[in-house]
Amino acid sequence: MIPTRWPVHPGPKEAESLSSWLRRLAMVYGFSLKDLIEHDLGFCRRQQQRHWLDMAPPAKLLTAVAARTGIPLERIQQSTMAALRPVLYAYFDRKFSACSTVLMAQPKPPLHLNLEKWILRHELVNEFTACRRCLDNYPNAAVLLPWRLRIITSCPEHGVMLEAVRITGDTVEWRKDVEELAPAIVSRLDLRTWQALTTGSVNLTGGSVPAGLWFRLLRTIWDELNRPLEECHDKAVLAVWTGISRLPSMTKDFWHLRSDRKHAICVGTAIDMLETGAAVPEGIDGRYFAGSRRGIINIASFHRGEDPLVIGKT
């Protein structure tokens with residue numbers, strides 16, 4: 001029986017998921033993850049809930065892991081999706097998203113109301129999306145928590161697209177034979193999203209913005225681009241779709257891409273065009289991409305003083 005404090009307890013890597021970290025800890029002692037959870041920590045694995053360790057594990061389990069490793073509880077909590085929810089959902093409240101505009105002059109009701117489906121990849125326990133290079137030395141490699149988010153489609157460190165992979169024991173099977181390089185616009189978009197998740201803010205041409213605001217801007221742009229064109233008379237939306245249609249990747253196969261990849265290409269193109277001046281934003285939140293921070297007081301006034309991630313930011 002391992003004593004209360006494990007003698008060897010390497011800490012979690014940056015952005016590593018809880019299940020990945022505990023798996024690597026179990027390897028140190030020749031255990032499987034299942035054995036570590038059930039026989040040492042005393043928790044029965046709930047087979048009916050996929051990825052339960054990474055989603056919202058019991059508080060008692062996290063406390064037990066903190067006691068065994070000496071790692072602060074707050075740091076361990078950061079390895080779960082529950083810790084990301086306040087950031088990811090901070091601006092997904094309908095009362096704020098319904099009045100957010102970037103490309104369009106007038107706000108529209110949000111299209112994507114099922115946030116769980118919009119944000120999270122729904123994957124099997126042993127099949128998920130990952131970076132081929134990051135998992136090069138699996139099982140010693142870490143499985144990162146942000147890979148479970150649909151709004152991240154590439155690896156900011158290696159510049160390649162995330163791919164579907166199946167892991168059985170120590171065997172790694174990739175669905176594709178070779179890696180795929182990420183388009184520049186996708187890499188830039190994912191680098192900022194990664195920055196939001198790891199530092200809590202994002203650097204835009206209009207200045208640094210909180211992570212919660214960044215995710216709301218992503219959703220707003222995607223919603224605006226998904227409006228029927230016959231209902232849209234905003235020049236910025238039409239300009240962005242014209243720019244998307246001229247991309248080298250815009251072939252007949254584009255519309256058969258997974259929704260997460262279409263999201264990355266479309267939103268990434270929109271932001272690139274806004275920041276280079278190829279498209280002029282007509283919405284109040286377009287100022288974040290237009291290099292202007294004037295009127296931050298006007299934004300706070302626009303939200304009637306209820307916007308905690310904007311008020312007081314300079």
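**Backbone geometry, strand pairing and burial in the predicted model**

Ala15 sits in the segment before α1. The model is predicted. Ala15 is not a glycine, yet its phi is positive, at about 70°. Its relative accessible area is 19%, and Ala15 therefore counts as buried, the limit being under 20%.

Helix α1 follows, spanning residues 18–28. Nine of its eleven residues are buried, so the helix is largely enclosed by the rest of the structure. The buried set consists of Leu18, Ser19, Ser20, Trp21, Leu22, Arg23, Arg24, Leu25 and Ala26. Arg23 and Arg24 are thus listed along with Trp21 and the leucines. Several helices contribute to the cover over these residues. Among them are α2 (33–40) and α3 (52–55). Helices α4 (59–69) and α5 (73–77) are also included. Just after α1, Gly30 adopts a positive phi of about 75°.

Three strands form an open sheet. Their order is β1-β2-β3, and the pairing is antiparallel. The edge positions belong to β1 (127–130) and β3 (171–174). Each of these has a single partner strand, so one side of each lacks a neighbour in the sheet. From one strand to the next, the twist averages 35°.

The pairing can be followed strand by strand. β1 and β2 are antiparallel and share four bridges. Within this pair, Phe128 has Val165 of β2 as its bridge partner. Strand β2 covers residues 163–168 and is joined to β3 by four bridges, again in the antiparallel sense. Here Thr168 is bridged to Thr171 of β3. The hairpin of β2 and β3 has two residues between the strands. Gly169, in this hairpin, takes a positive phi near 65°.

Side chains along β2 alternate between two faces. Glu163, Val165 and Ile167 point to one face and are buried. Ala164, Arg166 and Thr168 point to the other face and are not buried. The two bridged residues of β2 named above fall on opposite faces: Val165 belongs to the buried set, whereas Thr168 does not.

The loop between β1 and β2 contains Pro139. The peptide bond from Tyr138 to Pro139 is cis. Its omega lies near 15°.

A further antiparallel pair is made by β4 (residues 201–204) and β5 (residues 207–210). Four bridges join these two strands. Ser201 stands opposite Pro210 of β5. The connection from β4 to β5 is a hairpin of two residues.

No disulfides are present: the count is zero. For Cys134, the closest cysteine sulfur is that of Cys131. The two sulfurs are 3.6 Å apart, which is too far for a bond. The cut-off for a disulfide is 2.5 Å. Cys134 is buried, with a relative accessible area of 18%. Cys266 is also buried, and its relative accessible area is 1%.

Conventions. Residues numbered from 1 in each chain as written. Predicted model: local features only at pLDDT ≥ 70, side-chain atom pairs only at ≥ 80, totals over all residues. Heavy atoms only, no water. Pairing = 2+ DSSP bridges. Axes fitted to C-alpha atoms, helices over the stretch in contact; angles between N-to-C directions. Buried < 20%, exposed > 50% of the residue type's maximum accessible area, 1.4 Å probe, protein only. Contact = heavy atoms within 4.5 Å.
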